[in-house]
Each structure stands twice: as C-alpha cells, then as structure tokens.
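The following exercises concern a single protein chain and are meant to be worked with its sequence and coordinates open. Each begins with a task and continues with a solution in steps.

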Amino acid sequence: MSLKVKQKIPLKIKRMGINGEGIGFYQKTLVFVPGALKGEDIYCQVTSVKRNYVEAKLLEVHKKSKFRVVPDCTIYNECGGCQIMHLHYDKQLEFKTDLLHQALKKFAPAGYENYEIRPTIGMQKPKYYRAKLQFQTRKFKGQVKAGLYAQNSHYLVELKDCLVQDKETQAIANRIAELLTYHQIPITDERKILGVRTIMVRRARKTGQVQIIIVTNRQLNLTQFVTDLVKDYPEVVTIAVNTNTAKTSEIYGDKTEIIWGQDSIGEGVLDYEFSLSPRAFYQLNPEQTEILYSEAVKALDVNENDHLIDAYCGVGTIGFAFAKKVKSLRGMDIIPEAIEDAKENAKRMGYTNTHYEVGTAEEIIPRWYKEGYRADALIVDPPRTGLDDKLLDTIVKYAPEKMVYVSCNVSTLARDLVRLVEVYDLHYIQSVDMFPHTARTEAVVKLTRRKPASK
C-alpha cells in the first residue's frame, strides 16, 4: 500500500459505511472518512494505515452534498456521540435502510437479494429523545464535569445541553456534577484516584419519575449530596449506588444498592404500565418504542392458543404487549433484578399466564422442552452482540412456528439470519429509527417456520 500516515489526498465519496463515515477509493485502496457524505469531493489526511484500508480525517469539502446540513450542536465534531447530524434527516432514514442492505450483502443469508426491506420509520421531531443518560465523570481544576469520552480516547467532552438528551435528565445531570463538586465527593481518574466513575439518570415518560445510579469504585458518604439533590428535584424517586472496581470499560459492577427512595420507577408503553429497577434494561427512546413494539406485535401475529417465549425479556416490557393475546408467556434474563421486576409487573397487571426465570435462553429453553413445554412463537431482542451460538442452535433445533427478531445491530442481525433462514422464511424487515443522528437503527424481522417441501 503506497499511502502513508499524514499524507493528504483528494477523494470522491462513493457511499457511507456502517458507522456513518464516507467511503471512497484512492488508487484502489479503500478509504474511510468520518464526516464525509456520499457524492462529495473532499480533501483528507490519512490518520491510520491498515492491511486492507486506510482511515483519514476530513480537511476540506470541495463539492458538497446537497443533503449536507450544519449541525445544531456546537460540540458535534468534538463529542462523537452522534455521527450523522450533518446529514439531512430524511436522508438519515434512507441511510439506515441502506445499512440493512449493506449488512445483508456482507453476510449473504440465503435469498437476501429478495428480502422485503421496508423504509425506516423516523421521528417528526428527532431531538431530545433519549430518556436515559450514562455520563462519565472527571474533575478539572476542582470542578466535576460529566459527559462522554471523545471517540477512541479517554478525553472527556462535557455535555451540558445535549440536543438528543431529554432536557430534564440533562438538567439533573448538570446539577449532580455541581453537587459532586460542592460536596467534594471523590471522582475517579487515570492517576488511580478512586471515587465516582459514572452517573446514570433515567426518566419515565409515563410518570415523570426519575431514578439515578452513581457508579463508584470505593465507598462514599453521599448523605448530604442526596439530601440536596432530592430537594432540588422532587421527581427523583430512586438513588442507587453501583460498585464497580474492575479496570475494564464495563460501566456497571455486579452490586447495586438503593441508598434512597423506592425500588423502581413506573413507566408505560402501548396500553400497559410496568416498573423499572435501576439496572433494568428499557429502550432509550420512549416515543419510538411505541412504534417498535407495535411493529413487533404486528409481525408476530399471535393467537389465544399460542405459547410464547420472550428471550432476553428484561423486565418483561416487550412480552407484555402479547400477554393478553396468548395462552402462556415465558421469559428469561441474566439480570436477577430484571426478572424480579418482570414477576412483579406481571402480578400487578393481573397476568396468571406468565412465567419468568433467571438464566440464559440457550440453557433454559432446552430444559423447558425436556419438561414438555412447547412454544408456538418466539421473540428475541438481544444486545448488540446478537444471538449466542448455542441459542441459535436451540432455535434452529426446536423452531417455533412464528418468530420475531428485534435487532439493534444490523451486522449481528445479518450474521444470525444466515442460520435462521435455514428453517424460517423471512417475510420482511422493518427498521425503526430509535437513535436519530447516530449510525444505529433498530429492526423488526418477521419469520415463520418453513413448511417441508411436498414430494
């Protein structure tokens, strides 16, 4: 490869990649340029040379895309939390549909060329949509700052008015930083000082209730901090401390203790309400979650005689959309607090046809089948890593008649479909824009078990 680091080159951007970067070719070498858009002629500087490609930074745009816009965010380039805010929102939705096409082409599950990929469903007002924040903390000249690390670094970018963050959670995060400073609460840093590492603030759209987690790697006295915070923000109903002493990028440790207030907050979606404990997973964008769950209900199309398994069930949220429509609903999750929430939620809603267990789907589903349970329908909503290989083996072996895959990562979705379409027909993929201005999208996939070929 003739290209060298710091070399400046002209480039024509041919398409956009899965991380929102512009992609072009320079003398047959693939070049990735964050911030560049499809159709643009640019000037860039090589920052990294890999075996099959190079990375470069955008220096100048000679010919702009007509879909380039000026981001409203003043720290957009510095922060890196959003990747495509410089692209007109309508085109962001097209890009997210194209992400699915790119991933399918890469992994090539059988018949992918003929899959129905439906246009991405976007938001009317794609701002201030995130109902949960997880900000890192650092101390600068005696002041505690909270925000996100710049891309590929441990440089903290302070966020005080994030355009995609719910305004109330942002205001509370700002106040937390002020109170951590005022009460001189120790803050962890790279020089082995131990203290607060991360803050989490989540607000329920349905009730307005707020819960907070302070992640720390040492024991702290937070009594006065808590008193001042709840006085300023009476909507805060839960404050928890999570202890994480591991030297990894994992945000949370295993131990979470509620130090003030109630165990959970109340949230709602579609026509039902549920409780969320501090560590329980729930979608970040409540408005689009209504659409996502509606699409999942439509795609699975259950009836009153169906037995349904909700793998990766969390606190039961997506499964509850089906509870009234099926004969039985079973779920599992590896987080014990989430399963406790699921059981309590089901009990409070009066469901007697539900059953929840702590553990992995790949261990529990085969055991249920040995015990005689048979599922007619399956819904999976895995983390970004996609389905575990053992779970894929289990699904392919037992193959419930109907299945919906809710994905937050188009790459692992396309990879998993290679196995799933061995036994399932894929009807369509419907993407939902849960994360405007980022290079991520959510997708709902409708699958039904393939009928044996007639002789």
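**Exercise 1.** Determine between which domains the second largest pocket lies, and describe its lining.

*Solution.* In this predicted model, domain 1 (7-68) and domain 2 (95-124 + 285-449) both give residues to the lining of the second largest pocket, so the pocket lies between these two domains. The domain assignment of the chain also gives domain 3 (132-269), and the C-alpha centres of domain 1 and domain 3 are 37 Å apart.

The next step is to go through the lining itself, which consists of Arg15, Gly17, Ile18, Asn19, Glu21, Ile23, Phe32, Gln102, Ala103, Lys105, Lys106 and Ser411. Helix α2 (residues 89-107) gives the most to this lining, with four residues. Sorted by class, the lining of the second largest pocket holds four nonpolar, four polar and four charged residues, and the volume of this pocket is about 400 Å³.

**Exercise 2.** Characterise the position annotated as "active site" by its place in the chain, its burial and its contacts.

*Solution.* The UniProt record, an unreviewed entry, places the feature "active site" at Cys408. In terms of secondary structure, Cys408 is found in the loop between β20 (402-407) and α10 (410-420).

To decide on burial, one compares the relative accessibility with the cut-off, buried meaning under 20%; because the value for Cys408 is 11%, this residue counts as buried. Leaving aside residues up to four places away in sequence, Cys408 touches Pro382, Pro383 and Arg384 as well as Arg440, Thr441 and Glu442.

**Exercise 3.** How many cavities of 30 Å³ or more are there, and which residues line the largest cavity?

*Solution.* The count comes to three cavities of 30 Å³ or more, and the largest cavity contains about 70 Å³ of space. Its lining is made up of Phe281, Tyr282, Gln283, Tyr293, Asp310, Tyr312, Cys313, Gly314, Val315, Thr317, Ile318 and Asp381. Classifying these residues gives seven nonpolar, three polar and two charged residues for the lining of the largest cavity.

**Exercise 4.** Describe the secondary structure of the segment annotated as "domain: TRAM" and state how far apart its end C-alpha atoms are.

*Solution.* According to the unreviewed UniProt entry, the annotation "domain: TRAM" covers residues 2-60. Over residues 2-60 the chain is 61% strand and 0% helix, while the end C-alpha atoms of this segment are 22 Å apart.

Notes: Residues numbered from 1 in each chain as written. Predicted model: local features only at pLDDT ≥ 70, side-chain atom pairs only at ≥ 80, totals over all residues. Heavy atoms only, no water. UniProt positions renumbered as here; feature names shortened; annotations may be inferred. Helix = DSSP H or I, 4+ residues; strand = E, 2+ residues; numbered from the N terminus. Buried < 20%, exposed > 50% of the residue type's maximum accessible area, 1.4 Å probe, protein only. Contact = heavy atoms within 4.5 Å. 1 Å grid on protein atoms, 1.4 Å probe; cavity = no way out; pocket = protein on both sides within 12 Å on 5 of 7 lines; lining within 4 Å. Points joined across faces, edges and corners; volume = space filled by probe spheres on them. Nonpolar A, V, L, I, M, F, W, Y, C, P; charged D, E, K, R; others polar. Domains from an automatic or database assignment.
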